[in-house]
Amino acid sequence: MTSSAALDDTIRARLVPFPKPHFLSAADLNPYAAGQLLDLADAFVELNRQSSKGVEILRGHTVVNLFFENSTRTSSSFEIAAKRLGADVVSMPVQASSVAKGETLIDTAVTLNAMRPDILVVRHSASGAAALLSQKVGCAVVNAGDGRHEHPTQALLDLLSLRRAFGDVGGLTVAICGDVAHSRVARSNVALLSMMGARVRLIGPPTLVPGDADRWGCEVFHDMREGLSGCDVVMMLRLQLERMTGSLAPSTREYFRFYGLDREKLAWAKPGARVMHPGPMNRGVEIDSDVADDLSVSLIQDQVEMGVAARMAVLAALAEKREGDTP
């Protein structure tokens, strides 16, 4: 195990400014910058496995978590990430805030901005909400999921999990399966995985794959056996019934029969293929528990661990960017 002093030196040596003032989209990265963030996140993985997990990179900084949608993994990992970096953290319960009294998103942004936070982490049901906020505040904004648009830190942590599992992402064939139409995770992963040299496939019923998906630079399949053939990674997506209007999917039992991942379907992928899911999982709907809980194939728990490290890297790099831009 690396000593605390040596690890601290490694972290600070890898700390470079984020390429943009905000992290709103996977497109805010490029292959070089993404590689640097992953290197930094790797150091944070090692830090998080130590008995003493804190560094003072964000000491004196304030991070505000503003989540307009329910979240467990993302909100808690951002909070843990910021605290391990030494930041003051405010997690706003929107249901108990002035938003519940009719305050608009812009009014909330103006109010928070007057308190001079350094980083604002936002999740909202409207696509483009994080980008709108970034135009109204003087701090860095991180998109923690906006509607059906993007979830870039999820794609970054998925990339970190894959790089640690395979050594390199370039050349991998990754199948993203299920409810692609309503998935911001899918959109960010397609962009970032393709950027880093992976070959991406989309698999799902015609009603749950966007009509323009063939223009995303991916292969599109509606048959699991055909789509999984030769894949290194099978990334399952949650069936987002709360976002659906009309009957876009059959019963959950029928959905699992055709598109749920079990041992039989996993065998259609390449031997040694790994399984991912951004969570929360609907067991027996998108994925069988026998597959999800098998650590010899499943990276799902690893994704949760990597989430803290990847978000530590993002917060630290954004703070470094702000320091460099301050006259």
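Where does UniProt place the feature "binding site" (unreviewed entry) among Lys, Arg and other residues? The record gives Lys101, Arg184 and Arg238; UniProt positions follow the numbering used here, feature names are shortened, and annotations may be inferred rather than shown by experiment. From this set, Arg184 and Arg238 belong to the lining of the largest pocket.

Before going on, a word on the model. It is a predicted one, where local features need pLDDT of at least 70 and side-chain atom pairs count only at pLDDT 80 or more, while totals for chains, interfaces and linings use all residues. Residues are numbered from 1 along each chain as its sequence is written, and side-chain values use heavy atoms, with hydrogens and water left out.

**The pocket and the cavity**

Pockets and cavities are found on a 1 Å grid over the protein atoms alone: a cavity is a set of points where a 1.4 Å probe fits but cannot get out, a pocket is an open set with protein on both sides within 12 Å along at least five of seven lines, and lining residues have an atom within 4 Å of a point. Grid points are joined across faces, edges and corners, and a volume is the space filled by probe spheres set on the points.

The largest pocket holds about 670 Å³ of space. Its lining counts 34 residues, and Thr74, Arg123, Pro278, Gly279 and Pro280 are the ones nearest its centre. Helix H3 (73–84), helix H6 (152–166), H7 and helix H12 (300–325) are the elements that give two or more residues to that lining. Helices (H or I, at least four residues) and strands (E, at least two) are DSSP runs, numbered from the N terminus. H12 gives the largest share, seven residues.

UniProt also lists Arg73, Thr74, Arg123, His151, Gln154, Gly279 and Pro280 for "binding site" (unreviewed entry). The lining of the largest pocket takes in Arg73, Thr74, Arg123, His151, Gln154, Gly279 and Pro280 from this set.

What about closed spaces? A search of the whole structure turns up one cavity of 30 Å³ or more, and the largest cavity has about 40 Å³ of space. Val16, Pro17, Pro19, Ala33, Gln36, Leu37 and Ala317 form its lining, with the largest share, three residues, coming from helix H2 (residues 31–48).

**Some residues up close**

Buried means under 20% relative accessible area, exposed over 50%, and partly exposed in between (1.4 Å probe, protein chains only). Here are four buried residues:

| Residue | Place | Relative accessibility |
|---|---|---|
| Arg123 | strand E3 | 7% |
| Asn143 | strand E4 (residues 140–146) | 1% |
| His151 | loop between E4 and H6 | 3% |
| Arg184 | helix H7 (residues 184–195) | 10% |

Contact means heavy atoms within 4.5 Å. Leaving out residues up to four places away in sequence, His151 touches Thr74, Arg123, Asn143, Ala144, Gly145, Arg184, Val185, Ser188 and Arg311. With that same rule, the residues that Arg123 touches include Glu69, Thr74, His151 and Arg184. Asn143 has contacts too, among them Phe23, Val122 and His151.

A polar contact is a pair of N or O atoms within 3.5 Å; within protein, one must be able to donate a hydrogen and the other to accept it, and residues adjacent in sequence count only if both atoms are side-chain atoms. The side chain of Arg184 makes one with the side chain of Glu69 (3.0 Å). For Asn143, a polar atom of the side chain lies 2.8 Å from the backbone nitrogen of Gly145.

Arg238 sits in the loop between strand E8 (233–236) and helix H9 (252–259). Apart from its neighbours within four places in sequence, Arg238 is in contact with Asp179, His277, Pro280, Asn282 and Glu286.

**Two helices with a buried side**

In helix H4 (residues 105–114), Leu105, Thr108, Ala109 and Leu112 are buried. They cover an arc of only 100 degrees around the axis, so they are on the same side of H4; the arc is that of the directions from the helix axis to the C-beta atoms. The cover over these buried residues includes strand E1 (62–67), strand E2 (88–93), strand E3 (119–124) and helix H5 (129–134). After H4 comes Arg116, with a positive phi near 55 degrees.

Which residues of H9 are buried? They are Tyr255, Phe256 and Tyr259. Down the axis of H9, the buried residues fall within an arc of 100 degrees, so they line one face of the helix. Arg253 and Arg257 are exposed on the other side of H9. Helix H8 (224–228), E8 and helix H10 (263–266) are what the buried residues of H9 pack against.
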